[in-house]
Amino acid sequence: MTDVPLDTFAQIQYPVLEPGNTSISVTEHISNLILRRKPGLLWWFGIALTMGLVSLLTFAIVYLIARGVGIWGVNIPIAWGFAIVNFVWWIGIGHAGTFISAMLLLMRQHWRTSINRFAEAMTLFAVACAGMFPVLHLGRIWRFYYLFPYPNVMQLWPNFRSPLVWDVFAVSTYATVSLLFWYVGMIPDLATLRDRAISKPVKITYGIMSFGWRGSAIHWQRYQSTYLLLGGLAAPLVVSVHSVVGMDFSGGIVPGWHTTIMPPYFVAGAIFSGFAMVLTLAIPMRWAFKLQGFITIRHIDNCGKLLLVTGLIVAYGYASEQFMSWYSGDVYESFMSMNRAMGPYMWTYWLILSCNVFIPQLLWLRKVRQSVWMMFLMAMIIQLGMWVERFVIVITSLHRDFMPTAWGMYYPTFWDYATLAGTIGFFFLCFLLFARLLPVISMSEMRELVHTTHDGKHEPAEFSPAYVK
Amino acid sequence: MDSDSANLVAMTGDLASIRARLAARGGPALWRGLDELAGDDEFFRKLGDEFAPGAAEWDDAASRRNFLKLMGASLALAGMVGCNDQPQETIVPYVNPPEQVVPGRPTFYATAMPFSGYALGALAESHEGRPTKIEGNPAHSASLGASNVFMQASVLDLYDPDRSKLVTHGDMSTSWGAFYSAMSAHLASRRKDGAGVRLLTRSITSPSLAIQIDEFLKRYPGAQWHVHDPTRRAGCCGRNGGGPGQAVYDFSKADVILSLDADFMFYDVGSLAYARQFMDGRRRKPGTDADRQNMNRLYVIESSFSLTGTMADHRKAVKPSQIEPIAQALASRLGVADAGKPSFSSEMEQWLDAVAADLKAPLDDLRSVGLKAANGGVAVVVAADHHSPALQALAFAMNQALGSIGKAVRYIEPVEKQGAGTIESLASDMAAGKVDTLLIVGGNPAYDAPADVQFQNVLRKLSNARDAAGNSANFTAHLASHKDETSFECQWHIPESHYLEAWGDLRAYDGTPSIIQPLILPLSSASRSAWEFMAAALGQPDQGGYEIVRAHWQPFWKKQQDAHKEQKKPEREFQVWWESVLREGIIVGFAPSPGVPGEGNALQDLKEPACESTGNSTAFSAGPSQPASAPNPDAWEIVFRLDMCVWDGQYANNPWLMELPRPFTKLVWENAALMSYRSAEKLGVTEQSLIKVAYAGRALELPVLIVPGQADEVLTLHLGFGRTQAGHVADDPDGKIRGYNAYFLQTAASPGMGIGVQISKAAGNGNLVMTRSHHAMAALPGMKVPSESGRLKPRAIEHPGMDDQEIGVLNRKLVRTATLEQFQDDANWVTRLGGDTEMKARGLSDEKLFKGRKIQLSLYPDKDHGGWDYSKGYQWAMSIDQTACIGCNACVVACQAENNIPVVGKDECGRQREMQWIRIDDWYGTQPNEPRIDGVDAVDEPQITHQPVPCMHCENAPCELVCPVGATTHSAEGLNEMTYNRCIGTRYCSNNCPYKVRRFNFFLFADFETPSRALQYNPDVTVRSRGVMEKCTYCVQRLNETRMDIEKMTVGLEDRARAAEGDGTPAGAAEAKRIRALIPSSQTDLLGQLQTACQQSCPTQAIVFGDKNQPNSPIAKVREDQLSYGLLEDLTTKPRTTYLGRLSNPNRKLSKAGVSA
């Protein structure tokens, strides 16, 4: 009985996996999405749309490199604009994947199994989008490598006191570990695809990608420990990346940036927006691929609870900022708070309070959490709120700082919007391709889940069937 | 043949040669492209000429460099034209004899810049033969080493590619010789006495040019000479010999100064000297008995804020028509007979009483702490020259009554050549057919003549008139630097040489003559100076400016010798004198004779001014004895002023000046209709709304700009915009005209102002761009700019005695002002305003605890700043005196010229991307004293404090910490340095700069391609490329040069000392000691000469710079001054740039409390 999950009641009412699934049905359903199913009109439509946006992005980047960052709305005093807002937003979205994979893995949360694969993919794509911005926003893009401690004859080093350098390390480490974690976790599934593939080229491709996986016990043993170790490695990164991004701001003296709440507040905000993105992807995907049996109401409900918790942490961050600006007695800080709430950008401040604090309180209601449509809407609202939150942090802090004679306003240009829309297109293009080419749900782990939930008897994972033909 | 067909021929010619080349090849004709085939780029360059260089960028308004590129493209040709033989004329450098010219080190030559026709002594910096920068000549009485924006920017005019390069006749280019033969033939064909021949010039102060004009008039007795000069709107008084002469002031001798609408610190031809003198009388003298005691007082009565008005201790904004009645009222209080007695409200009467009392017994109100008038109580009255002669007469009478003539003001024989006709009489003669020959020497009357003169029309008719045979009946020629509006209406256009290209002479505001010494051969061989043009008119087309000017001064030299009854020196001695004159930049011994004021009642003498035309009667020409007509208080009045940057329009093609933020409006690239908030509210318009201004039968539509300190129902228009033929800079990239031509409303009778203006709302809005968020204060929480009473509420200045309970922004202690008396009461008020932290940091608060002990603001050890020890070596620092800064912008342009700072264009300014390294923050603040007796709330008449903000060079620089690549670092000498090569443009440094003094190259703003632009660049300063951050460097190139000089000098001395010691004798040791003693003194000397560009240009010497480790250096002293403070010091940035709090000296008797006391 010790193996019976604690949330038995919930388990029975809202199972993590729909009853009736077997190892074979799971494998067939998921692998058939790739190997047997022809892409529908909707998919092609999506590809066309996202390709259009990616073309726009390409054009925006070429024009940017040709002309200079002046094509954006940045100015003095607001020298950071959409680029940094988008960077922080995308990096935040990228947090949920690793949080689900690593943190929930370490915490033995069963429900992570059916959402971890695509959440990890989402992380990678979001980090790829995020990674573009710090390079693109440079005045001299072609000198981006100055940021790395590369060997050079001048023996010049980056300035290790600057948080931006640590940003480079944090993001690149995160991207590397996330990629490894994702790929390692996919190896048994790639082998399944190899074995189930019909055409020769596909077989060879998946064969190469699966690194000669044969499903031997020793493979499984090494696989499991590698996966766990990578999970252990990735878990602290969930905290570190956005902490470092938070320190990009708290390292400055700008009122609104210079505060110690930034790292935890950024991490919570990241997971908040990340889970919103998970929902944004999961809800249409489970409908399109008929995955309702794998991604159940239980998942959506759990995501809703996480949104509620992280949303409350974010709300605490907002409250703490306001409190500290009053409690510190600092004229600049108190003006900043006042200006955020009542200055020319006040609509953004009240928008984030509505999107990130007030509306998410509906998540206390089970009815809301278990309504697919409500949750999709909620996810959209939170994504918007979190983007605007970064806008508030970056832009309203800068636009009125110490010298009233040097204040300004920020007016985004067409190219600002084009770049944002372009990265959104890039993200979804990657995701659409991923959904066509790679298993969106981990087959091997699902089989393990079938084993633990339906067989009623628990066997160590190592002995679960390697793959089913 | 038109140019298109010429191109076609050239192209077909090339195609033919390509065919020939193709035929010459053996085997199958294969080629990758025509360029390969043609084998040269020339062909394609010709093809490409169809599109101007940079034309591809014209579609994008964001690109501003296109105009500079275009500007420069054609100058390559001009440069080549300049490479021809010229007669050898020796010029003499200012300080360094020619044999000491060191390549890579600049040479300075003394010359003189024409400014409104008058001389401003200049030192032109020459790098291997190309002038790069203009400084003031310290020996020259009109500049005293300082400069203004026009001097600084004039060097860019030299290299303006839009300058005309060829003599043209209609549309055809021709030659100087052709022009000369046409002119002489025409003059010969006329009647012998020359009736119908007219000469039109600007104000003439040049002695040699004056004689040429006299000779011309002698040769053609029927000819007439006219002057039109919008920059010199002197009333008849003084100009045509009827008045007391030209007033020359010495403000350092005055204790109380009353300005009647006179902006003597900026508009006047002597403004640089006047600003210096004024500050000499105002500045504290720390360390002397006079410290905290002597300070002059300035009253300004004006309609619209002027720079002088911002310096006023008491300022009254009144309608222009009120200025003369006020002057009358004051004059009668001062005992001037016949002055008239207009009546005012009782508050105003009281105010006038107090001012008159202060003029009579200067500074009598100050408490008996020892304050007294430094000059024994001299008061002086200054009247604006754009008012009627009556106002000049009143000022003269008041000065006479006050006994200040001979002390603070003297009247001299007018410096300008007298006896010219006006442009109105010329135009009416032209219209009447009395004119057949018109020679226009300089100026641009078709653009800048008052509209009612219709000069452009009559000139066009004159030029186009044909005789019966169909030949041109008349002869019109124009000498001008550009083919401008006037040139297009004349038959002939002759390019005018820049003052750095041609010889000449000029006199300064006080009559001192100077020689204009050229530094470079004319860039176009066709260009001629006014002197050469006049010589041609006198029949000597080949006479060079050098000969003319030198020949003029030879008799003067002889006369001077005779006067001194010295032994007659041989003629070659003249050369010695001549060279010394050139070297020094002034001619001594040419004092103007004093004017002869009439005996007895001065006003009676002046009642009949010998003015040629009195014009239509307006309120302003009312004689002083007539009762002042009380104008309708609700009627709108209009004021015309020269623009503070493009002046009368002659600098409209100068990008530095176009983009220079106008003082206190911060408007760039165009002009607007200035009005007060209350007036705008009454009209129902807001800023940027277009209004239709109807005046004197014409109407103009332009946008509104609301300014504080403007009298209600007064509209101020700035002249100089709306040029149609100025060049590429003056034209909008869209081909629209920049700004609005206010000359279109001007009348000849009353060019400075007028009443009877009808203003109505027009549809639409303007697109004015200001370089600061103009309404920053408007959107502040809990704060509205216009309060219910329509008053501005710009209380952002820290002042003792004012509560600072306003929300955060007002409590930042950025600007600190006090009155002289408050300073006497509390010498530490500047620190006290900074609050507890600053008090503790200075060891001032809580005597028992902190006596003599300074508290550190930071937890970190004081020494730990990048590992440098700031107690050693040179430690550069700057201090800016806010009492002295008049906000004239000279430092901004000086910095731009010195440091190769690009311009970005109007659109980029609108996107807040301007590049000037210094920004001048103008803070409106209220006068701190008690309620005023005239009932005016000080809020209505704010005081402006100018605060120039360069880089602070913080010892704890926030920018350095955050740069990921270490592109901005600290030097051992305390400079915050930019390494442009290392910068990748993350822009975090700018975000983290609390002062926002960093500037970013958002596009490729710098011009690397235009050859002429390259000529002006300072070779010691990097031209920054796209994507890098830049900012004030404290002119590090100048610091490096001085440091190297000191090192060279001291190293040499040390060697000599060692050599002297070598013999071991006591005499040798003594000699070594003597030599070693020279080391610090030579160091001090060189450091004393070191000036940053902004400091050097400052007319009031508000900027002090130097090594703060030198114990007796001015900067070390001023940093210890009680008024010294740093911006945002509570952030512990430890700025190296500090400020001195602003002091003012208001009259206690003008406050209610002061009266009852």
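Helices (DSSP runs of H or I with at least four residues) and strands (DSSP runs of E with at least two) are numbered from the N terminus. The model is predicted, with local features needing pLDDT of at least 70 and side-chain atom pairs counting only at pLDDT 80 or more, while totals for chains, interfaces and linings use all residues. Residues are numbered from 1 along each chain as its sequence is written, chains are lettered from A in the order in which they are written, and side-chain values use heavy atoms, with hydrogens and water left out.

**Exercise 1.** Find where Pro77(A) lies, and describe the peptide bond that joins Ile76(A) and Pro77(A).

*Solution.* Begin with the place: Pro77(A) belongs to the loop between helix H3 (41–67) and helix H4 (82–93) of chain A. Then turn to the bond, which is cis between Ile76(A) and Pro77(A), with omega at about 20 degrees. As background, most peptide bonds are trans.

**Exercise 2.** Describe how H6(A) and H16(A) pack, and place Thr423(A) in the picture.

*Solution.* Two packed helices are described by the angle between their axes and the distance between the axes. Axes here are lines fitted to C-alpha atoms, for helices over the stretch in contact, and angles run from 0 to 180 degrees between N-to-C directions. For helix H6 (residues 113–136) and H16(A), the angle is about 150 degrees and the axes are 10 Å apart. Angles under 35 degrees count as roughly parallel, over 145 as roughly antiparallel, 65 to 115 as roughly perpendicular and the rest as oblique; H6(A) and H16(A) are therefore roughly antiparallel. Among the residues that make this contact (heavy atoms within 4.5 Å) are Cys129(A), Met132(A) and Phe133(A) of H6(A), and Thr423(A) of H16(A). By class, the contact has 15 nonpolar residues (Ala, Val, Leu, Ile, Met, Phe, Trp, Tyr, Cys and Pro), 2 polar (the others, Gly among them) and 1 charged (Asp, Glu, Lys and Arg).

Now consider Thr423(A), which sits in helix H16 (residues 414–437). Its relative accessible area is 0%, and Thr423(A) is therefore buried, where buried means under 20%, exposed over 50% and partly exposed in between, for a 1.4 Å probe and protein chains only. Leaving out residues up to four places away in sequence, Thr423(A) touches Leu57(A), Trp90(A), Cys129(A), Met132(A) and Phe133(A).

**Exercise 3.** Work out how H12(A) and H13(A) are arranged, and name the residues that meet.

*Solution.* The axes of helix H12 (residues 331–342) and helix H13 (residues 346–358) of chain A come within 5 Å and cross at roughly 85 degrees. The two helices, H12(A) and H13(A), are therefore roughly perpendicular to each other. Arg340(A), Ala341(A) and Met342(A) in H12(A) meet Met346(A), Tyr349(A) and Trp350(A) in H13(A), and this contact has 5 nonpolar, no polar and 1 charged residues.

**Exercise 4.** State the phi values of Asn889(B) and His953(B), and decide whether each is buried or exposed.

*Solution.* Most residues other than glycine have a negative phi. Asn889(B), however, has a positive phi near 80 degrees, and lies in the loop between strand S28 (876–881) and helix H29 (890–898) of chain B. With a relative accessible area of 3%, Asn889(B) is buried. His953(B) also has a positive phi, near 45 degrees, and its loop runs between strand S30 (943–949) and helix H31 (958–962) of chain B. At 0% relative accessibility, His953(B) counts as buried.
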